[in-house]
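Visitor: Take me in for a close look at one buried side chain, and then follow the trail outward from there. I'd like one connected story, not a list.

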Amino acid sequence: MKAAFVTEPDATDPAAAIRVGELDTPDTPDGWVRVDVRAGALNMHDLWTLRGATRRPHPGPHVLGSDAAGVAEGRDVVVYPVLPTADGRAVPHATLLPDAGHGVLAEHIDVPAGHVVARPAHLDWAEAASLPTAWLTAYRMLFAKAALAPGQVVLVQGAGGGVATAAVSLAVAAGATVFVTSRSARKRERALALGAAAALDTGARTPQPVDVVIETVGAATFEHSTRSTRVGGTIVVCGGTSGFTANLDLTRLFAREITVHGSTMGSLEEFRALLEFVTEHRLRPAVDSTVDLADVSTQAARMLAGTAFGKLCVRVA
Ligand SMILES: NC(=O)c1ccc[n+]([C@@H]2O[C@H](COP(=O)([O-])OP(=O)(O)OC[C@H]3O[C@@H](n4cnc5c(N)ncnc54)[C@H](OP(=O)(O)O)[C@@H]3O)[C@@H](O)[C@H]2O)c1
């Protein structure tokens with residue numbers, strides 16, 4: 001089968017470490033199901049794998065990818081990308097499929113049988129493949145961590161990211177007023193088209209203090225996140241694209257009684273709830289672009305350049 005994989009990570013030029021070629025199709029373990037993949041999507045996690053900074057369970061070719069949609073036993077499905085724990089529980093911070101040697105950027109993959117959920121019928125394959133990591137992460141941040149309620153005000157930092165674009169669409173659909181920040185005028189325009197009420201230059205003052213901040217940018221925006229949060233508000237952090245060490249003014253934290261949550265991926269129940277929410281509200285993930293599997297390294301280069309708006313997708317079949 002054709003797959004995108006890494007054999008020799010490259011810390012300085014991760015996109016150059018991607019190989020696309022033929023690998024043996026693995027046997028399907030008991031209790032798992034075969035998925036014929038139609039589309040996948042890239043995440044920052046894949047770049048860390050290409051850099052050699054994530055777990056590699058075996059020395060051979062390591063198939064990339066956590067996000068896939070395809071056909072399993074005649075059904076169109078989306079793959080939940082977190083493995084169950086040893087005692088069979090699906091918890092958000094367990095191991096991602098690629099970190100256990102089950103990357104999904106391949107023509108045929110095997111996943112635990114309960115880890116496929118019906119594809120929302122209004123989505124094409126690339127849109128469906130955008131949901132497992134970025135959209136699930138945004139869903140948990142907004143609804144499980146921040147307990148977002150209709151009418152609340154949300155600030156989403158770094159408007160173009162996969163998690164950020166998901167957070168804008170989900171929060172708008174949930175009845176929130178959404179402000180975004182971006183360094184790019186083009187991305188600010190596109191965020192307004194997704195339903196944001198205001199799109200600000202990175203670091204600019206928000207029209208009003210916000211109830212919830214969705215923070216994926218990290219070092220470059222965290223101080224602005226605390227500055228923008230109302231008394232009693234919530235900041236939810238799932239990543240730090242610009243750096244993981246941020247300035248934190250503790251005075252602001254305690255004087256405003258701000259709650260800061262860390263968040264990672266989401267549970268299988270949240271994944272099912274996400275797909276229902278997406279179906280009910282007819283949401284369509286923002287897809288920056290889709291390329292053939294053979295060209296996946298161009299998507300990694302785009303991710304490194306930080307120019308994308310929405311998910312960087314890959315056509316597998
Ligand atoms: N914990 C989890 O489960 C989980 C899941 C998914 C992702 N993540 C993490 O979440 C983060 C976001 O990932 P993503 O794929 O959604 O998006 P991404 O491609 O990493 O980019 C997010 C945004 O970061 C902004 N940005 C980057 N450098 C910046 C800088 N120096 N100053 C200001 N803004 C900057 C860009 O915004 P503008 O260009 O618009 O300014 C970009 O649109 C990553 O760190 C990823 O590892 C974590």
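Guide: Let's start at His-115, whose side chain reaches the backbone oxygen of Val-82 at a distance of 3.0 Å. Keep in mind throughout that this is a predicted model. His-115 sits in the loop that runs from strand S7 (108-112) to strand S8 (116-118). Being in a loop doesn't put His-115 out in the open: its relative accessibility is 4%, under the 20% cut-off, so His-115 counts as buried.

Now step back from that loop into strand S7. Asp-110 and Arg-34 join their side chains in a salt bridge there, 2.8 Å from N to O. Asp-110 belongs to strand S7 and Arg-34 to strand S3 (residues 32-41), so this pair ties together parts that are 76 residues apart in sequence. The two ends get different labels for exposure. Asp-110 has a relative accessible area of 6%, so it is buried, while Arg-34, at 27%, counts as partly exposed.

That is one of 10 salt bridges in the count. Another one takes us from strands to helices: the side chains of Arg-140 and Glu-270 meet at 3.0 Å, N to O. Why care about this pair? Arg-140 lies in helix H3 and Glu-270 in helix H8, so the bridge ties together parts that are 130 residues apart in sequence. Both Arg-140 and Glu-270 are buried.

Helix H3 leads us on to the ligand. Of the 23 residues around the ligand, the ones that come nearest are Val-163, Ser-182, Lys-187, Thr-241 and Met-265. By type, the shell breaks down into seven nonpolar residues, 14 polar and two charged. For polar contacts, begin with Ser-182, which puts a polar side-chain atom 2.6 Å from an oxygen atom of the ligand. Gly-162 works through its backbone, with an N or O atom 3.0 Å from a ligand oxygen. Ser-263 also offers a backbone N or O atom, this time 3.4 Å from a nitrogen atom of the ligand. As for how covered the ligand is, on its own it has 910 Å² of accessible area, and the protein covers 85% of that. The elements that contribute two or more residues to the shell are helix H3 (131-145) and helix H4 (162-173).

Go back to Met-265 for a moment, one of the residues that come nearest to the ligand. Its phi is near 45 degrees, a positive value in a residue other than glycine. Met-265 is in the loop between strand S14 (259-262) and helix H8 (268-280), and since its relative accessibility is 8%, Met-265 counts as buried.

Carry on past helix H8 and you meet another positive phi: Arg-282, near 50 degrees, again in a residue other than glycine. Arg-282 lies in the loop between H8 and strand S15 (287-292). Here the surroundings are quite another matter, because Arg-282 has 58% relative accessibility and so counts as exposed.

One more salt bridge is worth a stop. Glu-223 pairs with Arg-252, with the closest N and O atoms 2.9 Å apart. Glu-223 is in helix H6 (residues 222-228) and Arg-252 in helix H7, so parts that are 29 residues apart in sequence are tied together. At 30% relative accessibility, Glu-223 counts as partly exposed, whereas Arg-252, at 16%, counts as buried. The pair isn't on its own either: Glu-223, Arg-227 and Arg-252 are linked in a network of salt bridges.

Helix H7 also brings us out to the surface. Phe-244 is found in the loop between strand S13 (229-237) and helix H7 (250-255). With a relative accessible area of 61%, over the 50% cut-off, Phe-244 is exposed. Together with Met-44 and Trp-48, Phe-244 forms a nonpolar patch on the surface, with about 310 Å² of accessible area between them.

So the trail that began at His-115, buried at 4% relative accessibility, ends at Phe-244, exposed at 61% relative accessible area.

Definitions and conventions:
Residues numbered from 1 in each chain as written. Predicted model: local features only at pLDDT ≥ 70, side-chain atom pairs only at ≥ 80, totals over all residues. Heavy atoms only, no water. Patch = residues over 30% accessible without salt bridge, like charges linked within 9 Å, V, L, I, M, F, W, Y side chains within 5 Å. Areas by Shrake-Rupley, 256 points an atom, 1.4 Å probe, with all protein chains shown as cover. Salt bridge = Lys/Arg side-chain N within 4 Å of Asp/Glu carboxyl O. Helix = DSSP H or I, 4+ residues; strand = E, 2+ residues; numbered from the N terminus. Buried < 20%, exposed > 50% of the residue type's maximum accessible area, 1.4 Å probe, protein only. Near = heavy atom within 4 Å. Polar contact = N/O pair within 3.5 Å; in protein donor to acceptor, adjacent residues only side chain to side chain. Nonpolar A, V, L, I, M, F, W, Y, C, P; charged D, E, K, R; others polar.
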